[in-house]
Amino acid sequence: MSAPAPDPVAPVARPAPRLVARTVEIDDPGPLLGLLPPGAEPFSWVRRGEGIVGWGEAARLRTTGPGRFREAERGWRRLLAGAVVRDDVGLRGTGPVAFGSFAFADASSAASSLVVPATVVGHREGRWWLTRTTTGESGPSIGATIPGPVSGAPPQQPDGPPPGTVVFADGAVSSPDWESLVGRAVARVERGELDKVVLARDLLARSSTPVDVRGLLRRLAAAYPATWTFSVDGLVGATPEMLVRTQVRLVASRVLAGTIRRTGDDAHDLALAASLARSSKDLGEHEYAVRSVVEALTPFCAGTNVPESPFVLHLANVMHLATDVTGVLRDDVSSLRLAEALHPSAAVCGTPTAAAAALIDEVEGMDRGRYAGPVGWLDSDGDGEWGIALRCGQVGDDPHEVRLFAGCGIVAGSDPAAELAESAAKFVPMRDALGG
Ligand SMILES: C=C(O[C@@H]1C=C(C(=O)O)C=C[C@H]1O)C(=O)O
């Protein structure tokens with residue numbers, strides 16, 4: 001006689017998955033981005049060769065809506081509560097880590113995620129490490145097992161295929177329409193409805209061959225060494241803007257706002273940098289962004305340090321006014337909690353935040369998805385690094401397609417044609433990396 005079928009309504013005991021992570025020190029395996037294997041979704045957070053890369057998936061948390069940060073953080077803590085960790089290195093970013101990327105808007109249809117890769121390789125301060133993480137059901141047996149032995153460094157991978165031929169098409173809004181909506185936003189600012197709004201546009205890239213994200217990352221890192229080269233769930237880019245980084249009780253944020261295009265002529269670019277540093281329009285736009293970050297950080301800090309005037313950050317395509325804000329945290333607060341508090345800063349939304357967000361909703365004509373949202377990673381202590389997802393593109397379900405994004409801060413006196421040209425300059429990193 002066969003066994004009775006299980007009662008479909010009987011409660012099934014389903015213990016939370018248990019993370020089991022092991023970190024070991026390894027010899028220099030060569031460039032981190034060269035380690036990403038073909039055929040696996042790549043995770044990356046790398047600047048000047050340091051940072052972390054990962055592949056494979058041990059665990060994934062998916063959230064949406066206004067509670068997307070809190071829910072992700074709760075999920076991460078739940079995963080860690082039962083984790084079995086052996087970490088022989090003990091640096092920031094060793095032990096289990098989650099890469100994350102969060103939607104810009106509460107109402108976005110894009111899901112936000114925290115993903116724990118099965119393999120992570122990291123490099124910082126002259127040391128390299130390898131973390132392998134698995135998930136099992138919790139229970140007495142798995143609790144006793146640490147994966148191992150962890151073998152040596154993974155090998156460097158051969159270069160992927162060369163980029164295909166890429167054609168670009170308008171995204172949600174054509175260039176002339178975007179210019180006119182910028183004009184309408186300038187009028188609203190000049191009427192006093194708000195001080196600043198950041199408006200973005202998208203471009204659709206179609207490649208003759210499937211896009212190789214690993215190749216994009218390598219080309220972005222080579223051309224933009226001052227940026228953080230990221231890849232999380234198909235969102236790929238090289239951001240110059242650090243929303244928040246924590247290390248024990250120290251917190252830092254790099255605020256950018258105020259932009260000028262480079263010409264390629266060094267002497268002329270130096271003169272442009274000097275004019276940017278004196279431009280009252282750009283200094284005003286920058287001040288809004290710095291203030292929004294300082295106001296969001298202050299409740300968490302025993303003290304903050306805000307330089308009196310910005311410096312000029314030189315990238316290959318543009319130069320930005322930049323301010324590095326630092327602080328000492330009062331309490332044990334995670335980098336993700338701080339990213340939530342800081343998002344959206346006036347660098348990507350505007351001032352006042354609610355009015356700017358409403359105007360973006362009203363006129364931009366697209367869902368930003370995870371563009372301009374926090375992207376980065378956090379570890380089991382809550383320390384991590386969260387950039388703002390800029391100079392990036394979202395690889396589609398069809399790997400021949402990438403949706404690129406760029407935006408500009410609009411204040412009183414902004415010129416729509418100049419803003420369109422600035423947005424074009426901000427597309428350059430991804431356009432070049434795609435081979436277009
Ligand atoms: C919105 C973007 O960039 C932001 C807007 C800037 C500006 O308007 O000057 C500068 C840097 C970023 O904070 C983007 O790159 O898409």
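**Notebook: the ligand and its shell**

I started at Glu241: an N or O atom of its side chain is 2.6 Å from an oxygen atom of the ligand, a polar contact (a pair of N or O atoms within 3.5 Å). I then checked how much of the ligand is covered: the protein hides 99% of the 390 Å² of accessible area that the ligand has on its own (Shrake-Rupley method, 1.4 Å probe).

Note to self: this is a predicted model, where local features need pLDDT of at least 70 and side-chain atom pairs count only at pLDDT 80 or more, while totals for chains, interfaces and linings use all residues. Residues are numbered from 1 along each chain as its sequence is written, and side-chain values use heavy atoms, without hydrogens and water.

Next I looked up other contacts with ligand oxygen atoms. Arg391 puts a polar side-chain atom 2.6 Å from one. Gly258 has a backbone N or O atom 2.8 Å from one.

Which residues are the closest? I found Glu241, Thr259, Tyr371, Arg391 and Gly407, out of 18 that surround the ligand (a heavy atom within 4 Å). I sorted the shell into eight nonpolar, five polar and five charged residues; Gly counts as polar here. β15 (250–261), β23 (401–410) and α9 (416–434) each give at least two shell residues.

Last, I followed β23 to a salt bridge (a side-chain nitrogen of Lys or Arg within 4 Å of a carboxyl oxygen of Asp or Glu). Glu401 and Arg206 pair up, N to O, at 2.9 Å. Glu401 is in strand β23 and Arg206 in strand β11 (residues 196–207), 195 residues apart. I count 28 salt bridges in the whole structure.

Notes:
Polar contact = N/O pair within 3.5 Å; in protein donor to acceptor, adjacent residues only side chain to side chain. Helix = DSSP H or I, 4+ residues; strand = E, 2+ residues; numbered from the N terminus.
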